[in-house]
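Colleague: I'm new to reading structures. Could you show me how to make sense of a pocket and of two helices packing together?

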Amino acid sequence: MAQAIAAPSDSTELVPAAGDHGHAHHATNTGVSNAKLGMWVFLSSEALFFGAFISTYFLYRGRDEEVGNPGPRPREVYDIAFTSVTSFVLLMSSLTMVLALAAIQRGDHRRLRIWLLATAFFGMVFIGGQVFEFTEFYREGLSLHTNLFGSTFFTLTGLHGAHVTMGIIWLLVLWGRSMQGRLHTEHAEAIEISGLYWHFVDVVWIVIFTAIYLVPQN
Amino acid sequence: MSETETGTETGTDIVAEHPGETLEQHEQRMHEIAPRPELLPMLPGEIKPHPKPRDYVLIAVVLCILTAIEVGLYYLEGDVNDNLLIAMLIVLAVVKFFLVCSWYMHMRTDQPFFKRIFVVGIVLAMIVYGIAIATFASTIPSEL
């Protein structure tokens, strides 16, 4: 199948893509979708953003013992079984997200809405788990100010949770647009772009879950 | 035979040729004319068709198995050499990372340009923060 745009162009008129079953999009100077390009650049910058907090966590990891800071240590508060379940839920939300994309590509808007809602629901379960976890940690004496572990842990996982929350809002907006009949098959790229964000949040959690929770502390 | 009957009707045509239909009628018709999963259309700029939904599910199963192995490894702490454990956990995380990027983020099927942009960010982050960790790792305790 031919690529949608074969050569760069200054034109901004809608160009029906050859053989793409009715998808149409704007020609761009780069020859690639501007919206998708923007999302990939954003995700690339997000890799640097999360990299900063993950490396900060590692820099301060285990330093509480060295300087004699009070407060619980990671192994004393982690509930790996619980966090594994929430991680599994987030992983499965990536599956429902790609199924939503496949649904809109087929023009199956009923399933699109089901999968979008399922993805948002899984995201909410993950966030609910994180809120529960944070509450439990706080009850056990760990807060943002308690020690280095508390500061770096809550900052990193809290920022990730904020990203998931943004993703949930985005998914619900798309679901609402679909309910209003304002999301058609030719808008499949909008679903793919939101999916890129959602999957990125998922891969960041893959790294966080391993680096923060699973890697031996000593 | 009309386009509708052949199942090749486009999204633009649907809106233009059926102005009076309700949302439910539109969805029912789209469901009836929807092509089979193996005929998923490509999005603008993509160089290969997306995987089939069955492939997505298979990838999810693999991701679940890898996650279960990761969690299982956690409980082996103390029984297995820590360095070996860390190496295995890193390998598993990297495999999961690449599976999601390749299959779910469609790096396999989309323009390589997008992949390069993302890889630049990842590599830059690894270099910058690798240097930061190497530089400050030995100095931070004395400065606390």
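Modeller: Sure! A pocket is an open set of grid points with protein on both sides within 12 Å along at least five of seven lines. Keep in mind that this is a predicted model. Here the largest pocket has a volume of about 980 Å³.

Colleague: Okay, and which residues lie nearest the centre of the largest pocket?

Modeller: Those are Val207(A), Val94(B), Phe97(B), Ile122(B) and Met126(B), out of 36 residues in the lining. As for their character, the lining divides into 27 nonpolar, five polar and four charged residues.

Colleague: Which helix gives the most to the lining?

Modeller: That's helix 6 of chain B, with ten residues. Helix 1 and helix 7 of chain A, along with helix 5 of chain B, each supply at least two.

Colleague: And where does the largest pocket lie with respect to the domains of chain B?

Modeller: Domain 2 (49-109) and domain 3 (111-144) of chain B both give residues to the lining, so the pocket lies between them.

Colleague: Now the helices. At what angle do helix 7 of chain A and helix 4 of chain B pack?

Modeller: About 10°, with their axes 11 Å apart. Angles under 35 degrees count as roughly parallel, and these two helices are therefore roughly parallel to each other. Phe209(A), Thr210(A), Tyr213(A) and Leu214(A) meet Glu70(B), Val71(B) and Tyr74(B) in the contact.

Methods
Residues numbered from 1 in each chain as written. Chains lettered and ligands numbered in written order. Predicted model: local features only at pLDDT ≥ 70, side-chain atom pairs only at ≥ 80, totals over all residues. Heavy atoms only, no water. Axes fitted to C-alpha atoms, helices over the stretch in contact; angles between N-to-C directions. Helix = DSSP H or I, 4+ residues; strand = E, 2+ residues; numbered from the N terminus. Parallel < 35°, antiparallel > 145°, perpendicular 65-115°, else oblique. Contact = heavy atoms within 4.5 Å. 1 Å grid on protein atoms, 1.4 Å probe; cavity = no way out; pocket = protein on both sides within 12 Å on 5 of 7 lines; lining within 4 Å. Points joined across faces, edges and corners; volume = space filled by probe spheres on them. Nonpolar A, V, L, I, M, F, W, Y, C, P; charged D, E, K, R; others polar. Domains from an automatic or database assignment.
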